[in-house]
Structure formats: structure tokens, C-alpha cells
Amino acid sequence: MAMPDADVTVHAVFRRAGAEEPAESPSIRVEVEGSEGGYVTMPASAEPNTTVSGTILAKDGWWLYSATAEAGGRDLPFSLDVDEGVWKFAMPDEDVTIKVVFMPDTDEPDEPEPDEPAEIPGADTSEDDEDGTDTGFSDVKADDWFADAVAWAVEADAMKGYEGSDRFGPNDKLSRAMMAQTLWGLAGKPAVSLGDGLPSDVAAADWYASSAAWSFQTRIFSGYGDNMFGPNDFITREQAATVLRRRAGKPASSQNLNIFPDADMTSSYAVDAMRWAVENGVFTGSEQNGQKLLDPTGICTRAQLATILMRMDEAGTL
């Protein structure tokens, strides 16, 4: 080498002759949408079968919409450890991609997902027996915690089973189309115009066309830019609260959310809605690891929506 006019340190690595090159650890790639709205810190790689931790923080005026981890085309369990304030996942023996989306406080988007099957009438109405509530659905047992709520939803003509099956899908994630269809049904399925009032991403032949148009025209759903509805996007708990509060006329609430240790995870646009939801018993908290959490960014399931609406009906706020 050519000697510069400064001290030089030489590092040498010796390897036994014939030894194989050490295997590289699987990589971790981070993709951020709305990168100006927050910070993401993750290691560049990690050994398989280890727990990987990182931080995801939104800036003022922004909120964390979603954070997912995937490897080999499948989703990995990826969640916030509330006590430590870090996001964690178990490292597989292949490369991982972390996808993070930050949104301005004024936006209320959801996460695009594959199409959901249509809902149609077809399940037996509920009947009580000595062991619980028989809903007639193969995936709802009489003693399931949500059985009464599912029976109520069917009887109220709010929610039905999946087309061509005897399934209700209680643990399936709730899409915007499903929620719009449910609220439209509770409103008596009023007639709507499918002309100019139809969102740009909804066809008149879609099973949710009338409910999507109704939810747009009544402003229960605010929609996205370019007159888009996002029918197959999933709904978080705070987004569901926002929609239900709009339906109720946006009543005010001074409820303190700090009774929940994760209350600060609530997006600024949804604080008023979550206050209203807690005050009126719409949300009572989600038991996780011995704690009762508000879980504002958790995805709603069909069983949870049925339970929420039943509670509202019993309280006279539906």
C-alpha cells in the first residue's frame, strides 16, 4: 500500500484453510410510506430464531397508520411491546421486509387487503338453549363469548353469514364494505342513487354498491381522495369508533382515556371518537397479557362489531 502522512491501522482476518465462508444472517429491509412523518429504527440483519426489536415513532402532526413484517410472502407476528416501547418480531431463516405507513393527522385511511366474500341472509335465527345461544353457524359455538352478539346481529338484520356456506366468520377482519353494509342494514336499507353518488372504486354490480353509496352520501364514511371508498380495506378500532360517532351525530365527550396504558397510541383525529366510545360502553378495553388495553390501532373483527352494536342497542344509543 502507499503510506499516507498519518498513522495506519491494519486489520487482518485469518480463516482455517478449506473452511466454508460463514453464512450471512438474513437481512431486514425497511420500506416507509410517508417517511417525512416519522422515524423507523431496525437492525439491518439478525440471526434466525432471535427476537428482533426496533422503534417506530411518528412526528407531531402525523400518526402511525400501519406497521407490518413479512417474509417469503407471508405475514409475521409484529407488534408493539407496550412496556418496553419497542416493536418486536421473531426472525425467521429468510429475509424480512418491514413496511411502515405514516399518515397526516387529517387523513383516515385503512389497510388494503384482498376482497371479502359477500354477506347474504342464510343463517338460522338464534334460539336459546341450556348451554348457550345456538346461532346456526358452524363456526360459532353456543358458549362462545360472541354467540349472543352474533345471534342479535342476525335477528336485527345487521349481519349475515357468508355466501354459499354456513360460516359467520367471527374472527375475520372487518372491511369497510362490511361495516357500511351493516350500518346501511340498521338504517333500513334506504334507496340510494348509484349514479353520481357511487364512489369511483365501486361498481354498480358490487354487493356493497348501495351501502357504499349510502355511507358516502350520508358522510358516515369520509372516503379517500379521488372519490375512493376503499371497500376492501380493513378497519381499526379507532376508525370504527370514528364512523360510529359520526353516525351518532358527533356527540362531545370528556372521558379520560388515561385509564388505559396505551391511550397515547390513539391517533389525534380519533381521540374524541374514542372518548365517546369508552364513555358510552362501545369499547370496554381489550385484555392482553393481563392488561386491559384500548388497542386503538387493532383491526376490528366481525364478532367485535356485532358485540359493539349489541351493546349500543342495549344502551339505547344505536
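**Figure 1. Parallel pairing of β1 with β8 in the predicted model.** In this predicted model, strand β1 (residues 28-33) is paired with β8 through 6 bridges, and the two run in the parallel sense. One position in this pairing is V32, whose bridge partner in β8 is V100. Of the 9 residues of β8, 7 are buried, so the strand is largely enclosed by the rest of the structure.

**Figure 2. The open antiparallel sheet β2-β3-β7-β6.** Strands of a sheet pair through backbone hydrogen bonds, in either a parallel or an antiparallel arrangement. Here 4 strands, in the order β2-β3-β7-β6, build an open sheet with antiparallel pairing. The edges are occupied by β2 (38-41) and β6 (79-81); each has a single partner strand, so one side of each is left without a neighbour in the sheet. From one strand to the next, the twist averages 35°.

**Figure 3. Bridge partners within the antiparallel sheet.** The legend follows the sheet from β2 to β6. Strand β3 (residues 51-58) is joined to β2 by 4 bridges, and the two run antiparallel. Within this pairing, T41 has T55 of β3 as its bridge partner. A further 4 bridges connect β3 with β7, again antiparallel, and V52 has F89 of β7 as its bridge partner. Finally, strand β7 (residues 86-90) and β6 are joined by 3 bridges and run antiparallel. In this part of the sheet, D81 is placed opposite V86 of β7.

**Figure 4. The largest nonpolar core and its contributors.** This core comprises 60 residues, of which M179, L183, F221, L244 and V282 touch the most other members. At least two residues each come from β8 (96-104), α1 (147-155), α2 (176-186), α3 (209-217), α4 (237-247), α5 (271-279) and α6 (302-315). The greatest contribution is that of α6, which supplies 7 residues. Another core, of 18 residues, lies apart from the largest one and includes I28, A67, I98 and F102.

**Figure 5. Surroundings of V282.** V282 is one of the residues that touch the most other members of the largest nonpolar core. When its neighbours within four places in sequence are left aside, V282 is in contact with L244, W276, A277, I308, R311 and M312. Among these contacts, L244 is likewise named with the residues that touch the most other core members.

**Figure 6. Helix α1 and the residue D157.** The buried residues of α1 are A147, A149, V150, A151, W152, A153 and V154. With 7 of its 9 residues buried, α1 is largely enclosed by the rest of the structure, so the helix can be viewed as an interior element. After α1 comes D157, which has a positive phi, near 60°. Most residues other than glycine have a negative phi.

**Figure 7. Packing of α2 against α3.** Two packed helices are described by the angle and the distance between their axes. For α2 and α3, the packing angle is about 80° and the axes are 8 Å apart. This angle falls between 65 and 115 degrees, which means that α2 is roughly perpendicular to α3. From α2 the contact involves A177, A180, Q181, L183 and W184, and from α3 it involves S210, S211, W214 and S215. Classified by type, the contact contains 5 nonpolar and 4 polar residues and no charged residues. L183, a participant in this contact, is also one of the residues touching the most other members of the largest nonpolar core.

**Figure 8. Packing of α4 against α5.** The axes of α4 and α5 come within 8 Å of each other and cross at roughly 80°. The two helices are therefore roughly perpendicular. On the α4 side, R237, E238, A241, T242, L244 and R245 take part in the contact; on the α5 side, D272, A273, M274, W276 and A277 do so. By class, these residues comprise 6 nonpolar, 1 polar and 4 charged.

**Figure 9. Positive phi values at R219 and K250.** R219 is located in the loop between α3 and α4. Although R219 is not a glycine, its phi is positive, about 65°. K250 occupies the loop between α4 and α5 and, while also a residue other than glycine, has a positive phi near 55°. The relative accessible area of K250 is 53%, and K250 is therefore exposed, the cut-off for this class being over 50%.

Methods:
Residues numbered from 1 in each chain as written. Predicted model: local features only at pLDDT ≥ 70, side-chain atom pairs only at ≥ 80, totals over all residues. Heavy atoms only, no water. Core = buried A, V, L, I, M, F, W, Y, C linked by side-chain atoms within 4.5 Å. Buried < 20%, exposed > 50% of the residue type's maximum accessible area, 1.4 Å probe, protein only. Contact = heavy atoms within 4.5 Å. Axes fitted to C-alpha atoms, helices over the stretch in contact; angles between N-to-C directions. Parallel < 35°, antiparallel > 145°, perpendicular 65-115°, else oblique. Nonpolar A, V, L, I, M, F, W, Y, C, P; charged D, E, K, R; others polar. Pairing = 2+ DSSP bridges.
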